[in-house]
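Me: Please take one part of this model and look at it closely. I would like a single connected account that I can follow while I have the structure open.

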Amino acid sequence: MANLKEIRNRISSVSSTMQITSAMKMVSAAKLKKAQDAITAMRPYADKLTELLQSLSASLDADSGSKFAENRTVNKALVVAITSNRGLCGAFNTNILKECFSLAENTYEGKQVDFIAVGKKANDILTKNHNVVNNHSNIFDDLTFDNSAAIAEELMELFVQGTYDKIEIVYNKFKNAATQIVMTEQFLPIVPVTSEKSSNSDYIFEPSKTEIVEQLIPKSLKTQLYKGIRDSFASEHGARMTAMHKATDNATELRDQLKLTYNKARQAAITNEILEIVGGAEALND
């Protein structure tokens, strides 16, 4: 059994860790509220904009399709991996990286797959075995629509120039503080969704339907990427809050176990001292 000093040192160490994890949990909880409100507020707008774009795109003639909807044989693919800049958030980053590796090794097996990292964790891991063409980790220092739009414009330019035949984004969709869903969304080319509502609707468009689509597509793509980054940002704080909550509970349990061990060891030491004193006294009497 460890001596009393070692156990006291371990109790002190675990108590310090518990204070740190508890503080990180409260910080993440405070940040989560703001991030959750932001993504909840923009989802209806983003979803309606996407629905409108798909409805218009589905009714366009094939010859009048947008340059962003051009389907090509996929020889070169680009994956945008959205992770966090920091760890201590459970499997948040690991799940994204697993999905990225699966895309490279299975979905696009035998094809050229490059990555753009949004988050230091993605950049640090993916650069070891894959080609990371750009790193936008600093976006989390000032997460605004304009900064996200600059990344979307870069992606649109890479597709239009023919550098890549397909672009996908991988991120964690925020469901609640304890649940994040790994999402893989096709960013480019745009895939029109044909539905009865879109095909049967009879509207008068001014200016022309094609012109409206050409103006909506860049805005829709920028919004789609910004929503993905916002989703990931809220998911990160939810995952970190949950992870730190579990870490605090584990540290509390370990501290209690160590205190029990310490008390038992101290009681055993006192009992031994009493026995030694009694034994010594009996020896003197003899």
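Reply: A crossover is called right-handed if, with the strands pointing away from the viewer, the path from the first strand over the helix to the second runs clockwise. Helices (H or I, at least four residues) and strands (E, at least two) are DSSP runs, numbered from the N terminus. The model is predicted, so local features need pLDDT of at least 70 and side-chain atom pairs count only at pLDDT 80 or more, while totals for chains, interfaces and linings use all residues. Residues are numbered from 1 along each chain as its sequence is written, and side-chain values use heavy atoms, with hydrogens and water left out.

The part I have chosen is the sheet, and I begin with its overall layout. It is an open sheet of 5 strands in the order 3-2-1-4-5, with mixed pairing, where two strands pair if DSSP finds at least two bridges between them. Strand 3 and strand 5 (179–188) stand at the edges and have a single partner strand each, so one side of each is left without a neighbour in the sheet.

Strand 2 is a good place to start reading across. This strand covers residues 112–118, and 6 of its 7 residues are buried, that is, under 20% relative accessible area, against over 50% for exposed and partly exposed in between (1.4 Å probe, protein chains only). On one side strand 2 pairs with strand 1 (residues 76–82) in the parallel sense, over 7 bridges, and within this pairing V113 of strand 2 stands opposite A77. The connection between these two strands runs through helix 2 (residues 92–107), and strand 1, helix 2 and strand 2 together make a right-handed β-α-β unit.

Strand 2 also pairs with strand 3 (residues 131–135), again in the parallel sense and over 4 bridges. Two of the residue pairs can be picked out in the model: F115 has V132 of strand 3 as its bridge partner, and I116 has N134 of strand 3. Here the helix between the strands is helix 3 (residues 120–129), and strand 2, helix 3 and strand 3 form a right-handed β-α-β unit.

Returning to strand 1, we can now cross to the other half of the order. Strand 1 runs parallel to strand 4 (residues 166–176), and 5 bridges join the two. A77, which stands opposite V113 in strand 2, has K166 as its bridge partner in strand 4, while L78 is partnered by I167 of strand 4. Strand 4 is largely enclosed by the rest of the structure, because 8 of its 11 residues are buried.

From strand 4 the sheet continues to strand 5 with a change of sense: 9 bridges join these strands, which run antiparallel. Among the residues involved, F174 has Q180 of strand 5 as its bridge partner. Strand 4 and strand 5 form a hairpin, with 2 residues between them.

One last residue belongs to the helix that links strand 1 and strand 2. N93 lies in helix 2, and it counts as buried because its relative accessibility is 8%. As a marker of distance across the model, the C-alpha atoms of N93 and L284 are separated by 70 Å, with the two residues 191 residues apart along the chain. L284 falls outside the sheet, within helix 6 (residues 209–285).
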